[in-house]
Structures are given as C-alpha cells and as structure tokens.
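Subject: A structure for you to look at

Hi there,

Here is the structure I promised to pass on to you. Have a look at it first, and then read on for what I found.

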Amino acid sequence: MFNAGAEVEILSCEDDPRAKGKTGRIVDEVSPGPLTEGRWTVNRISIFIGPVLCHAHELRTTGR
C-alpha cells in the first residue's frame, strides 16, 4: 500500500510504457477501487508524461 505524496519508481506501466524507469508521486489518498481497476495514480513523472495508472506490482517506493 502507498500513501499520497509518496515517491515511487515505476518498474513498468501498462498505461504508458514511456514511464518505465522514471519516478513520480502517488496521488491517491485511499486505496484504489473498481473505477481504476485497482491501479494507483502516479503524477509528476515528466513534463512530457501526464498522470498514469499503475498496478502495485509495477511500482516500488524510493524511501523519499
């Protein structure tokens, strides 16, 4: 489980493969539900990549 504002590394991303290997911040304040199919919203990845939806197994916390 992730907390809002936590920095994560994107290991892979079905939503946008360009995000792989980049870091971003979790947007969701609660665990994702059926609307996002259980995927977390990650933002602040890059100026060229908007917010993406990623499954928990596609993310790793950076400790920041």
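Before we get to particular residues, one definition will help: strands, labelled E, are DSSP runs of at least two residues, and they are numbered from the N terminus. Please keep in mind that this is a predicted model.

Let's start with the whole chain. It has zero helices and five strands, and reading along the sequence gives the pattern β-β-β-β-β. The radius of gyration is 10 Å, close to the 11 Å that the globule rule gives for 64 residues, so the chain is as compact as a globular protein of that length. If you like to picture dimensions, the C-alpha trace spans about 25 × 25 × 20 Å along its principal axes.

How much of the chain is buried? Of the 64 residues, 34% are buried. The accessible surface comes to about 4,200 Å², and carbon and sulfur atoms account for 51% of that surface. Among contacts with a separation of 6 or more, 44% are between residues 24 or more positions apart. As for charge, the chain has 8 positive and 9 negative charges, and their mean positions lie 8 Å apart.

Now to two residues that I looked at in detail. Ser12 sits in the loop between E1 and E2. Asp16 is found in that loop too, between strand E1 (7-10) and strand E2 (23-26).

Is Ser12 buried, exposed or partly exposed? Its relative accessibility is 30%, and because partly exposed covers the range between 20% and 50%, Ser12 counts as partly exposed. Leaving aside neighbours within four places in sequence, Ser12 is in contact with Lys20, Cys54 and Glu58. You can also find His55 from here: it is 43 residues away from Ser12 along the chain, yet their C-alpha atoms are separated by 9.1 Å.

And what about Asp16? Its relative accessibility is 14%. Buried means under 20%, so that value puts Asp16 in the buried group. Which side chain does the side chain of Asp16 make a polar contact with? The partner is the side chain of Arg18, at 2.8 Å. With neighbours within four places in sequence left aside, Asp16 is in contact with Ile49 and Val52.

A good way to begin is to find Ser12 in the loop between E1 and E2, and then to look for Asp16 and its contacts with Ile49 and Val52.

Happy exploring!

Terms used. Residues are numbered from 1 along each chain as its sequence is written. This is a predicted model: local features need pLDDT of at least 70, side-chain atom pairs count only at pLDDT 80 or more; totals for chains, interfaces and linings use all residues. Side-chain values use heavy atoms; hydrogens and water are left out. Helices (H or I, at least four residues) and strands (E, at least two) are DSSP runs, numbered from the N terminus. Buried means under 20% relative accessible area, exposed over 50%, partly exposed in between (1.4 Å probe, protein chains only). A polar contact is a pair of N or O atoms within 3.5 Å; within protein, one must be able to donate a hydrogen and the other to accept it, and residues adjacent in sequence count only if both atoms are side-chain atoms. Contact means heavy atoms within 4.5 Å. The radius of gyration is taken over C-alpha atoms; the globule rule is 2.2 Å times the number of residues to the power 0.38. Accessible areas come from the Shrake-Rupley method with a 1.4 Å probe; for residues, only the protein chains shown count as cover. Lys and Arg count as positive and Asp and Glu as negative; His and the chain ends are not counted. The place of a charge is taken as NZ of Lys, CZ of Arg, CG of Asp or CD of Glu.
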